[in-house]
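Please find below a short note on the structure shown here. The points run from the overall fold to the nonpolar interior.

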Amino acid sequence: MFIGRERELDSLNALYDSGKFEFVVLYGRRRVGKTFLVKEFFEDELVFQTAGLANESMKRQIKSFHQDLIECGLPRQEKQPKDWIEAFSLLRQLIKQSTAKRKVILLDELPWMDTPRSKFVSALEHFWNGWCAARKDIVLIVCGSATSWMAKKVLRNKGGLFNRASRTIFLEPFTLGQ
């Protein structure tokens, strides 16, 4: 049951029913319910979900991403990727095997995945522009609590993610009345 999120729920309904690819940027301060909102709303439609690890290396981020791919149905024999390009390639494999009408992908705590020299953002750009944007069944939701990182690296990106967000949702804390 959702309380006080009518506008956000309307937006999520509209993007799910849009019939086109969607790149959704969901951000807001910690503990406002970003992850809860997505997981509850798309409970049965999530093809893949992962979350970045706080203060961890690129190797550990990719290991966690790979383990989440396996938990979501990627065959275990797929070896751990060496970099983010390989990791997103495995995500494409997972998505291709899904029979879901709309393939909802949640990349949570995105800023934590972007470790120094990891080239995470350029790999995400390649994944989105080179593959997702050509499909009408993809709903990619990226979340993050580091609002300044989300604004700089995704919303105001000057590279491959420039103007790619089809929807932006800033999740505010509940009011006292809510």
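**Note on the fold and its cores**

1. The protein has 7 helices and 5 strands, where helices (H or I, at least four residues) and strands (E, at least two) are DSSP runs numbered from the N terminus. Their order from the N terminus is α-β-α-β-α-α-β-α-α-β-α-β. This is a predicted model, in which local features need pLDDT of at least 70, side-chain atom pairs count only at pLDDT 80 or more, and totals for chains, interfaces and linings use all residues. Residues are numbered from 1 along each chain as its sequence is written, and side-chain values use heavy atoms, without hydrogens and water.

2. The radius of gyration (over C-alpha atoms; globule rule 2.2 Å times the number of residues to the power 0.38) is 16 Å, which agrees with the value near 16 Å for a compact globule of 178 residues. Of the 178 residues, 48% count as buried, meaning under 20% relative accessible area with a 1.4 Å probe, protein chains only.

3. The largest nonpolar core (buried Ala, Val, Leu, Ile, Met, Phe, Trp, Tyr and Cys residues joined through side-chain atoms within 4.5 Å) holds 34 residues, and F88, L91, L107, L110 and L140 touch the most other members. Elements giving two or more residues to this core include strand 1 (22-27), helix 4 (84-97) and strand 4 (138-144). Helix 4 supplies the largest share, 7 residues.

4. Beyond its neighbours within four places in sequence, L110 is in contact (heavy atoms within 4.5 Å) with F120, L124, V142, C143, W149, M150 and V154. A second, separate core of 17 residues includes L9, L26, F42 and I141.

Definitions and conventions
Buried means under 20% relative accessible area, exposed over 50%, partly exposed in between (1.4 Å probe, protein chains only).
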